Amino acid sequence: MKRLDLGAVTAPPGAIPDSMLAVTIRREREGEPRDAMKLEEVPVPGIGPDEVLVLVMAAGVNFNGVWAARGRPVSVFDMHHEPFHIAGSDAAGIVWKVGESVTRWKPGDEVVVHCNQSCGQCPECNGLDPMACERQKIWGYETSWGSFAQLAKVQAQQLVHKPRQLGWAEAASYGLTYFTAYRMLVDRAEMKPGDNVLVWGAGGGLGSFAVQLCKLVGANPIAVVSSPERERLVRELGASMVIDRTGFDFTRGPQVSRAFGARIRELTGGKDADIVFEHVGKQTFPTSVLVAKRFGKIVICGATSGYDLDFDVRYLWMRQKTIIGSHFANAYEAERANRLVIEGKIRPVLDQVFPLHRAAEAHQLVADNRHKGKIAILVQAAA
Ligand SMILES: NC(=O)c1ccc[n+]([C@@H]2O[C@H](COP(=O)([O-])OP(=O)(O)OC[C@H]3O[C@@H](n4cnc5c(N)ncnc54)[C@H](OP(=O)(O)O)[C@@H]3O)[C@@H](O)[C@H]2O)c1
């Protein structure tokens, strides 16, 4: 068989074509997603004993695709040695072929893919946390063969069951951001009922799940947004305390951060934030450290606006606050978090769906901060 037709499943599980369609980035094209990402025909990857080839029904767009396209702050070609990069760290699909040691999954199973890869053999993988593995990598960012392709190569431990009530696009849209938000709030920051949680970018990928997790455990999200459309979304998700950040020019220094802190106290009835959910970085971090309450926690997993942070450390030590780094999630967290989607307690927030040949355009929307919630790309799914 030369190739599978896009938008349909016409061959039985296990039928391996000679080549496949994929959206690739090449080093010489690195730049804005609209120029860097192109649809190409590439070879189908082989799999090792613990690996699985997944027929991608739909793929989810994430900010790491934007980083990969731009080649900044690091080029993906300095992280792996493939001649091209297939981005995509979220997928929902059908198990197509399993390696000889795989016993948990079989061809035909419907799955969602989580994006953490690790060696599976070291003491950290087996006793501490696979996220502590020296060889830990984010699939589809630090490795190639990600989800913007007809077939994706993953480790068997990356699979969780697809929630039956969701369509393919919805199922492909939540893994990376939701599992990251789950680890940040539930395991790293140990969020408790009654906590006031400041959520930056509450209408974005991570934030829309952070708001839902707060509501589920009985914490109080204080949702920060920059448009009425995103305000509507976060209120729909259950946030009753919302701040429009466009009224605060944080570049003007600590008096603006203090005014922002006063706004938080107005909403909470005089309380500061027990937890600050951070991923914006340079432009918000000084404010996050200032507005966390005494003994409060700032949990951070990213830095959209810049990673060289400059903040007044006196507020950190005098008020005994803690900064917690967090990165994606391990397989156990992904499984636990996924169960909440299966049970209908957390829902994906899918904003738009594009066909595979428009993946570059979809990433450009995210690069330009013109989306809300998540965007999915249909690959083998027709609708
Ligand atoms: N380490 C990990 O495992 C991990 C996992 C997921 C994501 N991340 C990183 O986390 C970041 C966010 O990811 P995402 O998927 O949530 O992206 P997203 O969907 O683009 O959402 C980010 C939100 O941040 C807000 N924002 C953007 N610029 C801002 C600024 N200058 N000041 C204040 N708010 C700003 C925007 O909301 P408003 O404009 O409405 O305020 C936007 O909706 C990215 O850098 C991503 O790479 C890391």
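The following exchange works through a predicted model, its domains, its core and the surroundings of its ligand.

Student: What should I know about the numbering and the confidence limits before reading contacts from this model?
Tutor: Residues are numbered from 1 along each chain as its sequence is written. Because the model is predicted, local features need pLDDT of at least 70 and side-chain atom pairs count only at pLDDT 80 or more, while totals for chains, interfaces and linings use all residues.

Student: How far apart are the C-alpha centres of domain 1 and domain 2?
Tutor: The domain assignment, whose bounds come from an automatic or database source, gives domain 1 (19-174 + 348-378) and domain 2 (177-325). Nine residues of domain 1 are in contact with eleven of domain 2, contact being C-beta atoms, placed from the backbone, within 7 Å. The separation of the C-alpha centres of domain 1 and domain 2 is 28 Å.

Student: Which strand gives the most residues to the largest nonpolar core?
Tutor: A nonpolar core is a set of buried Ala, Val, Leu, Ile, Met, Phe, Trp, Tyr and Cys residues joined through C-beta atoms within 7 Å, where buried means that 20 or more other C-beta atoms lie within 10 Å of the residue's own, exposed means 12 or fewer, and partly exposed lies in between, with C-beta atoms placed from the backbone. The largest such core has 120 residues, and V54 and A58 are among those with the most contacts inside it. Domain 1 and domain 2 both give residues to this core, so it lies between them. The strand that gives the most, with eight residues, spans 51-60 and is β3.

Student: How many residues surround the ligand?
Tutor: A residue is counted as near the ligand if its C-beta atom, placed from the backbone, lies within 6 Å of it, and the closest are G201, G204, G205, S226 and G302. Helices α2 (63-70), α5 (175-188) and α6 (205-217) and strand β12 (220-225) each supply at least two residues of this shell, helices (H or I, at least four residues) and strands (E, at least two) being DSSP runs numbered from the N terminus. Domain 1 and domain 2 each contribute at least three residues to the shell. The number of residues surrounding the ligand is 31.

Student: Why is α5 largely enclosed by the rest of the structure?
Tutor: The helix contains G175, L176 and T177 among its buried residues, and just after α5, E190 takes a positive phi of about 50 degrees. The enclosure of α5 follows from its burial count, because the buried share of its 14 residues is eleven.

Student: Is V225 buried or exposed?
Tutor: V225 is placed in strand β12, and its C-alpha atom is separated by 6.2 Å from that of G203, 22 residues apart along the chain. Beyond four places in sequence, V225 touches residues including A202, G203 and D244. Because V225 has 26 C-beta neighbours inside 10 Å, it counts as buried.

Student: What is the strand order of the open sheet of three strands?
Tutor: Two strands pair if DSSP finds at least two bridges between them, and β1 (residues 19-25) pairs with β2 in the antiparallel sense over seven bridges. The edge strands, each pairing on one side only, are β2 (37-43) and β4 (85-86). The order of the sheet is β2-β1-β4.

Notes
Two residues are in contact if their C-beta atoms, placed from the backbone, lie within 7 Å.
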